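Colleague: Mind walking me through this one? I'd like to start with the charged pairs.

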Amino acid sequence: MLRGRSPGFWGVLESHNARGVSRSHPPWPWGTSTSCPRTFCWSCSRTCPPASCCFAVAWSAASGETSLTCLHRNLLHNPCAEEGFEFWSLDVNGGDEWKVEDLSRDQRKAFPNDQVKKYFVTSYYTCLKSQVVDLKAEGYWEELMDTTRPDIKVKDWFAARPDCGSKYQLCVQLLSSAHAPLGTFQPDPATIQQKSDAKWREVSHTFSNYPPGVRYIWFQHGGVDTHYWAGWYGPRVTNSSITIGPPLP
């Protein structure tokens, strides 16, 4: 949704989202502007159900000044398997390999967001897939990441089958321009026993006060079933996200 479309707004969007901040403007801190008469909203979310507003820019027609107030879109492409395995690297593809399945009607009722329709599922040997987010390409200029260093929030959802045990794993790294790790979130693998409740579980982490120099984010998840049954009885994953910005009100 876009409100109050104007040439001035589109010029700001192109300058600061597509190509990074121009040399004539300093990096804007997160916050709001009380002097700007109106706010424009641009929805570009990659969450499975699109967010109502994830990019807010306040712009003053009188002064021509702009301020970035919120940028909370999902930086992961195809998080809910709507495009098969597009944008994902299949790092380890064991057993009967990765597969995309539909959430049944009952499963969709049980999932926290009933608009998520698909998930990725693993097999009887380890399956891992990953994505690398290029922050500059996504509009996060170097001065912002080195000086303001906004929070980076990671979320993932996983579930086991009720009839088979499974092991889920996740690793997220903040990387420099040379792909050297500057921060890592890697919780212990989650083992879910056979005959579990099979509920969807969320895992999340926020990177704060990380070192300057972050240019990429590497996200990898997957797992394996613990009974080595042929087919797809390992953990299911979907609705993964990486967002950057200040805490939402």
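Modeller: Sure, definition up front: a salt bridge here is a side-chain nitrogen of Lys or Arg within 4 Å of a carboxyl oxygen of Asp or Glu. This is a predicted model, so local features need pLDDT of at least 70 and side-chain atom pairs count only at pLDDT 80 or more, while totals for chains, interfaces and linings use all residues. Residues are numbered from 1 along each chain as its sequence is written, and side-chain values use heavy atoms, with hydrogens and water left out.

Colleague: How many salt bridges does the structure hold?

Modeller: Side chains of opposite charge can pair when their charged atoms come close. Going by that cut-off, the structure's salt bridges number seven.

Colleague: How far apart in sequence are the parts that Glu202 and Lys155 tie together?

Modeller: Glu202 and Lys155 form a salt bridge, with their closest N and O atoms 3.8 Å apart. Strands here are DSSP runs of E, at least two residues, numbered from the N terminus. Glu202 sits in strand β12 (residues 201-207) and Lys155 in strand β8 (residues 152-159), so the parts they tie together are separated by 47 residues.

Colleague: Is Glu202 buried or exposed, or partly exposed?

Modeller: Buried means under 20% relative accessible area, exposed over 50%, and partly exposed in between (1.4 Å probe, protein chains only). Glu202 has a relative accessible area of 39%, so Glu202 is partly exposed.

Colleague: And which residues does the network with Asp146 join?

Modeller: Take Arg161 and Asp163, a salt bridge at 2.9 Å between the closest N and O atoms. Elsewhere, salt bridges sharing partners make one network of Glu142, Asp146 and Arg215.

Note on methods:
Helices (H or I, at least four residues) and strands (E, at least two) are DSSP runs, numbered from the N terminus.
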